[in-house]
Amino acid sequence: MKKVYVAMSADIIHQGHLNVLNEARKLGNVIVGLHTDKVIRGYWRNPIMKYEERKKVVENIKGVIEVIPQDILNQVPNLRKIKPDYVLHGDDWMEGDQREIRDKVIEVLKEWDGKLVEVPYTKGVSISKLEEQLYNIGITPEQRMKSLKELIYSKKHIRILEAHNGLTGLIVEKTKVEKDGKVKEFDGMWISSLCDSTAKGKPDIELVDLTSRLNTINEILEVTTKPIIVDGDTGGQIEHFVYTVKTLERLGMSAIIIEDKTGLKKNSLFGTEVTQTQDTIEHFCEKIRAGREARVTSDFMIISRIESLIAKNGMDDAIKRAKAYIEAGSDGIMIHSKESDGREIIEFCRLYNKLENRVPLVVVPTSYNFMTENELSELGINVIIYANHLIRSAYPAMVDTAKTILLNERSKEASINCMPIKEILNLIPSSI
């Protein structure tokens with residue numbers, strides 16, 4: 001029998017996949033190169049089913065004699081090992097980002113006179129529609145909570161964007177772009193105390209209490225499925241922090257980040273322009289331990305934010321605190337800096353990477369925003385949070401619209417900055 005190779009992710013199997021496999025088994029024994037979880041995360045999203053689960057499904061499809069892992073998006077390494085007589089693929093890759101992969105397959109098949117067979121794309125199949133249906137089904141609190149840790153430990157880095165209401169939650173949830181053959185999207189959302197307070201017209205001094213913040217969280221929970229990290233400010237009194245952990249874990253939040261400061265909270269980006277009092281290492285470690293003891297599962301992450309560089313207490317103090325917080329049981333370390341040249345972050349990462357015991361490293365590159373995700377990832381950073389960009393971009397646009405109406409005494413001139421009224425009416429579906 002001839003050998004036939006078919007590469008696929010098989011995370012959402014539809015009739016298009018079955019059509020390709022049916023054509024493949026007409027030509028010989030079918031070997032499926034199944035994309036690993038890492039490959040799928042690289043060009044698409046976190047797979048719904050893990051590799052072993054997908055493998056069992058594909059192995060039971062008629063005509064498939066073997067399923068092997070495909071460790072990269074490019075099929076060439078597997079093809080050289082197997083040397084199949086045929087490679088089958090849908091003809092949708094003749095155009096667009098996959099064309100380069102197609103060209104490489106054609107070239108390598110010449111080495112042993114293999115043949116590429118392209119099956120007409122199955123009309124009526126839409127992965128985006130299938131994903132939308134899955135989104136409408138929703139997610140359990142347990143599934144949402146554990147997804148952050150899975151992403152952190154399986155991807156080179158993850159990107160998080162702030163959300164401060166249901167609408168911005170939907171933006172984080174659904175915004176996607178295609179670049180270099182990969183679908184790029186945000187891995188989760190950050191509920192910032194600054195943005196939540198600002199959206200409510202309140203100062204960022206922990207004035208907005210937990211009950212009010214839970215209202216915001218619930219708005220976002222109702223319309224999203226991605227993991228959520230909560231900005232916990234200082235965490236408050238240890239006795240209060242215990243209840244905060246229990247509440248957030250019960251709702252399905254993935255993590256809380258607390259900063260090692262005390263007293264009236266002032267935003268860290270003020271630096272030493274305002275009084276910034278750092279907590280003692282001993283007291284903050286006690287808070288970490290109390291939070292860990294309060295949670296039911298290790299899926300909920302308690303991440304410690306180090307303010308040493310903000311308070312000008314030095315790099316040695318920052319590293320000392322990182323070691324202590326990790327020993328106390330912190331699930332992650334966030335290092336904060338307001339310097340625009342990024343040198344503090346680079347130096348901290350260099351020293352942090354020498355520590356024997358390390359946990360995932362988190363940054364908020366608001367000040368040093370010239371640094372790319374890949375540059376930050378190369379420093380050993382695991383989580384990149386874009387902490388306030390949706391509200392910062394929305395505010396000037398709304399002010400401009402308000403001024404335009406005042407200046408022209410009508411709304412016609414402001415319309416250029418606005419969505420058509422029909423689009424806003426249809427933006428949110430009326431039924432799920």
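User: Before we go through this predicted model, how do I read a disulfide in a set of coordinates, and how many disulfides does a search of the whole structure find?

Analyst: A disulfide is a pair of cysteine sulfur atoms within 2.5 Å. With that cut-off, a search of the whole structure finds 0 disulfides. Cysteines do turn up in the interior, though: C195 is buried at 0% relative accessibility, and C349 is buried with a relative accessible area of 0%.

User: Thanks! How should I get an overview of the chain, and what does its secondary structure come to?

Analyst: Start with the elements, then the extent, then the contacts. The protein chain has 17 helices and 17 strands, and its C-alpha trace spans about 75 × 65 × 40 Å along the principal axes. Of its 432 residues, 50% count as buried. If you take contacts between residues at least 6 apart in sequence, 74% of them join residues at least 24 apart.

User: Which domains is the protein chain divided into?

Analyst: Domain 1 covers 3–127, domain 2 covers 138–387 and domain 3 covers 393–426. The centres of domain 2 and domain 3, taken over C-alpha atoms, are separated by 34 Å. There is also a record to read alongside this: an unreviewed UniProt entry carries the annotation "domain: Cytidyltransferase-like" for residues 10–104. Over residues 10–104 the chain is 42% helix and 20% strand, with its end C-alpha atoms 22 Å apart.

User: Now the interior. How do I read a nonpolar core, and which residues have the most contacts inside the largest one?

Analyst: Look for buried nonpolar residues linked through their side chains, then ask which of them have the most contacts. The largest nonpolar core has 56 residues, and Y325, I333, I335, F348, Y352 and I381 have the most contacts inside it. Helix α13 (residues 315–328) gives the most to this core, with 8 residues. Another core, of 18 residues, lies apart from it and includes V4, A10, V67 and Y86.

User: What does Y325 touch?

Analyst: Leaving out residues up to four places away in sequence, Y325 touches D260, I281, F284, C285, I288, S304, I306, S330 and I333.

User: Is helix α13 largely enclosed or largely open?

Analyst: A count of buried residues settles that. Because 10 of the 14 residues of α13 are buried, the helix is largely enclosed by the rest of the structure. Those residues are M315, D317, A318, I319, R321, A322, A324, Y325, I326 and A328. They pack against β13 (277–278), α12 (281–294), β14 (301–306), β15 (332–335) and α14 (343–352).

User: How do I check the length of α13, and what span should its 14 residues have?

Analyst: Compare the expected rise with the end-to-end distance. At 1.5 Å a residue, the 14 residues of α13 should span 20 Å, and its end C-alpha atoms are 20 Å apart, which agrees. Just after α13, G329 takes a positive phi of about 110°.

User: And which residues are buried in α12?

Analyst: They are I281, F284, C285, K287, I288, A290, G291 and A294. These buried residues pack against α11 (238–251), β11 (255–259), β14 and α13. For α12, too, an expected span of 20 Å agrees with end C-alpha atoms 20 Å apart.

User: How do I read a single residue such as L88, and where is it found?

Analyst: Place it in its element, then check burial and contacts. L88 is found in strand β4 (residues 86–90) and is buried, with a relative accessible area of 1%. Beyond residues up to four places away in sequence, L88 touches V4, Y5, V6, V20, E23, A24, L27, V117 and V119. The C-alpha atoms of L88 and E23 are separated by 8.2 Å, although the two are 65 residues apart along the chain.

User: Last one: which residue in the loop between α9 (193–199) and α10 (210–223) should I look at for its backbone?

Analyst: E206 is found in that loop. E206 has a positive phi of about 60° although it is not a glycine, and is partly exposed, with a relative accessible area of 31%. D233 is another residue to inspect: it has a positive phi of about 50° and is not a glycine. D233 is found in the loop between β10 (228–231) and α11, and is buried at a relative accessible area of 5%.

Methods
Residues numbered from 1 in each chain as written. Predicted model: local features only at pLDDT ≥ 70, side-chain atom pairs only at ≥ 80, totals over all residues. Heavy atoms only, no water. Core = buried A, V, L, I, M, F, W, Y, C linked by side-chain atoms within 4.5 Å. Buried < 20%, exposed > 50% of the residue type's maximum accessible area, 1.4 Å probe, protein only. Helix = DSSP H or I, 4+ residues; strand = E, 2+ residues; numbered from the N terminus. Contact = heavy atoms within 4.5 Å. Expected span 1.5 Å × (residues − 1). UniProt positions renumbered as here; feature names shortened; annotations may be inferred. Domains from an automatic or database assignment.
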